[in-house]
Amino acid sequence: EYKIMNIFITGSAGYVGRLLADSFSKKENVSSIICLDKESIPEILKNNPKVVWINANTSDNDWQEKVKEKSPEVIIHCAWQIRQMYGQEETQKKWNILGTDNVFDFAFENSFVKKLIYFSSAAVYGAREENSIDYFFNEQDPVRENDYLYGKEKRISEEHLKEKYSNASHRPQVFVVRPSSLTGPYNNHKVKKFGLQSVLRNVLPVVPIASDNWCRQFIHEDDVIDIISMLSLKELVGDYEILNITPNTLLTGQEIAQVLGKKTVKIPVFLIKIMFFFAWHLTRGAIPTAPGSWKTYSYPIVMDGSKITKKYGYNYQYQSREAFEIDDGRYKMK
């Protein structure tokens, strides 16, 4: 492992960012974690002597000098406006695309940066009708999402990263991680987000299914923390690596319902499309049913997450069903 280092994490008030910051603060060879977010510091990071909190938006230019003072060797870019903002596409584009470009530029312009880790998403592969539950997308497959803004912006930022890397004179080691759906006890009890898991667990009395083909893969928060820790702190081969991070197992809609002790209801795709349209506009985005997102509830995206095992020897602690079903792990509620 590397000697004592400083780590810069964007989006540190978010679910993944705060857990990474908390986890890194417990490691002896990490001296400080520079945490940046436009939101205020979460409870879990308050009074942590290793945490340096910067209240800023990555799309602004008021944070670079402050971060530079700490000369972080590793940058982990988690910051993202995941939930689409109703009628504010330009603001969202500024925050996500420009903000991400700023982080990439910072990494390539400063020679003290040794590693850059960017959180992309399974969504970049695109949820399409022709997708099969039997075909596992690998890192060589094209990224195709163009309808669902979240996946589209993640894809655009990946393309920007590749271009900036190829033009850079200083090239830190780059890891692009594409996780499946994150879950675990901290997500289930502490993260206040109105996403798919929350709706299925706490809101809907039944699990709606558009097709027998629909499914989800889940990765446990402990696996995400350990993978990012390995990528950050260990000497690894590779210059520019794209990694699907997910166990090679999945849960069908029927199995998700079974875990939750609920019945399933078959709803045709065209009806899901209509329901999403009205829910989005009638609630002005309060219910997260953004344009194009109906596809992610109708068609599967199944990833092959074995590259990280074959290349770096990482073995997943939890399979998809365990991650979704068992309320256990490092951040288990006492």
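The following is a conversation about a predicted model of one chain.

Biologist: What makes the chain as compact as a globular protein of its length?

Modeller: There are eleven helices and 13 strands in the chain. Its radius of gyration is 19 Å, and the globule rule gives 20 Å for 334 residues; the two values are close, so the chain is as compact as a globular protein of that length. Along the principal axes, the C-alpha atoms fill a box of roughly 55 × 40 × 40 Å.

Biologist: How much of the chain is made up of buried residues?

Modeller: Of the 334 residues, 57% are buried. A residue is called buried when its relative accessible area is under 20%.

Biologist: Why is I76 called buried?

Modeller: The relative accessible area of I76 is 0%. The cut-off is under 20%, so I76 counts as buried. I76 is part of strand β4. The C-alpha atoms of I76 and F8 are 6.2 Å apart in space, while 68 residues separate the two in sequence.

Biologist: Which way do the residues of β4 point?

Modeller: Strand β4 covers residues 74-77, with V74 and I76 pointing one way and I75 and H77 the other way. All of them are buried. In a regular strand, side chains alternate between the two faces of the sheet.

Biologist: How do you know that β4 pairs with β1 and with β5?

Modeller: At least two bridges are needed for a pair. Strand β1, residues 5-10, is joined to β4 over four bridges in the parallel sense, and I7 stands opposite V74. Strand β5, residues 115-119, is also parallel to β4, again over four bridges. Within β5, K115 is the bridge partner of V74. The route from β4 to β5 passes through helix α3, residues 89-109, in a right-handed β-α-β crossover. A second bridge partner in β5 is I117, which is matched with I76.

Biologist: What makes β5 largely enclosed by the rest of the structure?

Modeller: Five of the five residues of β5 are buried, and therefore the strand is largely enclosed. K115, I117 and F119 point one way, whereas L116 and Y118 point the other way.

Biologist: What follows β5 in the next β-α-β unit?

Modeller: Helix α4, residues 149-167, and then β6 complete a right-handed unit with β5. Strand β6 spans residues 173-179 and pairs with β5 in the parallel sense over five bridges. With at least two bridges required, five are enough for this to count as a pair. F119 in β5 stands opposite V177 in β6.

Biologist: How many cavities of 30 Å³ or more does a search of the whole structure find?

Modeller: The search finds one. About 40 Å³ of space lies in the largest cavity, a value over the 30 Å³ used in the search. Rolling a probe the size of a water molecule over the atoms shows where empty space is left.

Biologist: Which residues line the largest cavity?

Modeller: The lining consists of Y15, V16, L19, L182, E221, V224 and I225. Helices α1 (15-25) and α7 (221-233) are the elements that give two or more residues to the lining. By class, six of the lining residues are nonpolar, none is polar and one is charged. Glu counts as charged, so the charged residue of the lining is E221.

Biologist: What is notable about phi of S71, and is the residue partly exposed or buried?

Modeller: S71 has a positive phi of about 45° although it is not a glycine. The residue is found in the loop between α2 (64-68) and β4. Its relative accessible area is 29%. Partly exposed covers the range between the 20% and 50% limits, so S71 is called partly exposed.

Biologist: Why is R284 called exposed?

Modeller: R284 has a relative accessibility of 59%. The cut-off for exposed is over 50%, and therefore R284 counts as exposed. R284 lies in the loop between α9 (269-282) and α10 (307-312). Phi of R284 is near 50°, a positive value in a residue other than glycine.

Conventions: Residues numbered from 1 in each chain as written. Predicted model: local features only at pLDDT ≥ 70, side-chain atom pairs only at ≥ 80, totals over all residues. Heavy atoms only, no water. 1 Å grid on protein atoms, 1.4 Å probe; cavity = no way out; pocket = protein on both sides within 12 Å on 5 of 7 lines; lining within 4 Å. Points joined across faces, edges and corners; volume = space filled by probe spheres on them. Buried < 20%, exposed > 50% of the residue type's maximum accessible area, 1.4 Å probe, protein only. Right-handed = clockwise from strand over helix to strand, strands pointing away. Rg over C-alpha atoms; globule rule 2.2 N^0.38 Å.
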